[in-house]
Amino acid sequence: MKYDIIIIGGGLGGLTAGAKLSREGKKVLLIEQHDRPGGCATTFRKGEFTLEVGLHEIDGPGPVDLKTKLFNELGLFDKVEFIKLPEFYHFVNDDIRITIPHDPHEAATILKNAFPEEEKGIDSFYSQVLNPKKRGMAGEEPAGEMSVGEFLDSIISNEDLKLVLLGNLGYFHDDPYSLSLTYYCAAQSRYFNGGASYIKGGSQVLSDFLADYINNHGGKVLLNHLVTGFITGNGEIRGVRCIKKNKRGEKMEEAWADEIIANASMPGIASILPEDKSKILFGLIGDKRPGASLLTVYFGFDTMLSDLGNNHYSTFVYDGSVKSQKDILINNKGDFEKRSYTFVDYGQVDQTLADSGKSVGALCCIDYPGNWENLTREEYNSRKEEVAQIFIRRLESIVPGISGRIIYHEVATPLTIKRYTLNPEGAVYGFEQLPFNMPVDTSSVAGNLHFASAWTRTGGGFSGAIYSGYFCALSILRKKQAVK
């Protein structure tokens, strides 16, 4: 069948592009290999619990947020409720317990009270983060492009303060000394300028809305289908081939379109392109590496954790072995007994995710597929349970009594993420966002092949994926307009 647009992948980038293009009258086919749309913006149900796969907060959406413009166009706010979060994060290590609010002026005041000798450095930090295009404060030398770690070392002496400011580093990368300051400030500023929200009922509500929008506007969302290759003609990409998953002997299906959008990893698409185009794309991304992955332990509790004294939505726990920025990467690759982690108590903001009186939570840390490869199924499952018990024991020091209230737990590893997203190495944020990182211009691969995902210039995270989809759709619409 012939479409205007074919989208490979149903993550937020593909769904956003598809919804926007559908709104503008384009006939869209979106093909997703999973049994539900959303990619990392999905949920799953276990008994009385709705578990959030990846999203625990999204920046904004604020009045001047591009997402707000898009969501208004789609009428999304009539169907999807965003719950404003009470705080940015709560930071804990052996010496410090401090809560960082979303309001940057309140956050700066709290930090200056805790670290009075670092007042100038704190002002420099927020000046840079809130004005990512402004290099440094008035009267100072421009910050220029450097790593986040280098920037913090240049303005702050107290190592504990640096760690507090890096509480949510795991949103972006695994190492402050190889994370682009420009990228970090652009992303972090959105949290301080617009706050953050959780989608009531879980991120699947957002993903389902976007998928339904495509279906209700003349398009089609095809689930449980895997794109295996491209149809070419006269040197151009004309369409795709796909097959229904888990159905041996099923006939290969074909679809044609003027424009193809890949809501997938660039390495993954390169591997199924025709040889000449594959060579070009692999050449363009040859020096780029996938970013880190994550390990998540999902929990169902028989109580509200506020009854146990937990008063925070997201708590970032840095192990005592992390004394300075240089210890962060070492810790992220170290033993789970000491690895720093984030704990999210969804019961603080959304009681609809569990039956009355119960709640759900999730514990997450940076992880890598090498920790889980080359294991038998029995060894793999045994290792997952071992890691779960390690973190349950460690949670006791943060929320005493929590281990006795767990009635469900399950572990997702980087291999789980790789299986459901097809991202190489289970990367959740696309390519590493390094200093002087140049975006990949894929126009030389094929004029009608576009990318909308965390692997593009907008980077990872839910806003990054949404922006990539929106920009991709606008680019195609401008192209069509120019042809007219």
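What volume does the largest cavity have? In this predicted model, the answer is about 50 Å³. A search of the whole structure turns up three cavities of 30 Å³ or more. As for the walls of the largest cavity, the lining is made up of F172, H173, G291, A292, Y429, G430, F431, E432 and Q433. Sorted by character, that lining comes out as four nonpolar residues, four polar and one charged.

On to the rings. Across the whole structure, 27 aromatic pairs show up. One of them is F88 with Y191, a stacked pair with 5.3 Å from centre to centre and 25 degrees between the planes. F88 sits in the loop between β6 (82-84) and β7 (89-92), while Y191 belongs to helix α7 (residues 181-194), so this pair ties together parts that lie 103 residues apart in sequence. Both partners are tucked away: F88 is buried at a relative accessible area of 0%, and Y191 is buried at 9%.

F172, already met in the cavity lining, pairs up with Y183: the ring centres are 6.5 Å apart and the planes stand at 90 degrees, so the pair counts as edge-to-face. Here F172 comes from the loop between α6 (159-165) and α7, and Y183 from helix α7, eleven residues away. F172 and Y183 are both buried. These rings also belong to one aromatic cluster, formed by F88, Y89, F125, Y126, Y171, F172, Y183, Y184, Y191, F192 and F316.

Lysines get in on the ring business too. K27 lies over the face of Y3, 5.2 Å from the ring centre, and K333 lies over the face of Y368 at 5.3 Å from the ring centre.

Conventions. Residues are numbered from 1 along each chain as its sequence is written. This is a predicted model: local features need pLDDT of at least 70, side-chain atom pairs count only at pLDDT 80 or more; totals for chains, interfaces and linings use all residues. Side-chain values use heavy atoms; hydrogens and water are left out. On a 1 Å grid over the protein atoms alone, a cavity is a set of points where a 1.4 Å probe fits but cannot get out, and a pocket is an open set with protein on both sides within 12 Å along at least five of seven lines; lining residues have an atom within 4 Å of a point. Grid points are joined across faces, edges and corners, and a volume is the space filled by probe spheres set on the points. Ala, Val, Leu, Ile, Met, Phe, Trp, Tyr, Cys and Pro count as nonpolar, Asp, Glu, Lys and Arg as charged, and the others, Gly among them, as polar. Rings of Phe, Tyr and Trp (its six-membered ring) pair if their centres lie within 6.5 Å; planes under 30 degrees apart count as stacked, over 60 as edge-to-face and the rest as tilted. Helices (H or I, at least four residues) and strands (E, at least two) are DSSP runs, numbered from the N terminus. Buried means under 20% relative accessible area, exposed over 50%, partly exposed in between (1.4 Å probe, protein chains only). A charge sits over a ring if NZ of Lys or CZ of Arg is within 6 Å of the ring centre and within 35 degrees of the ring normal.
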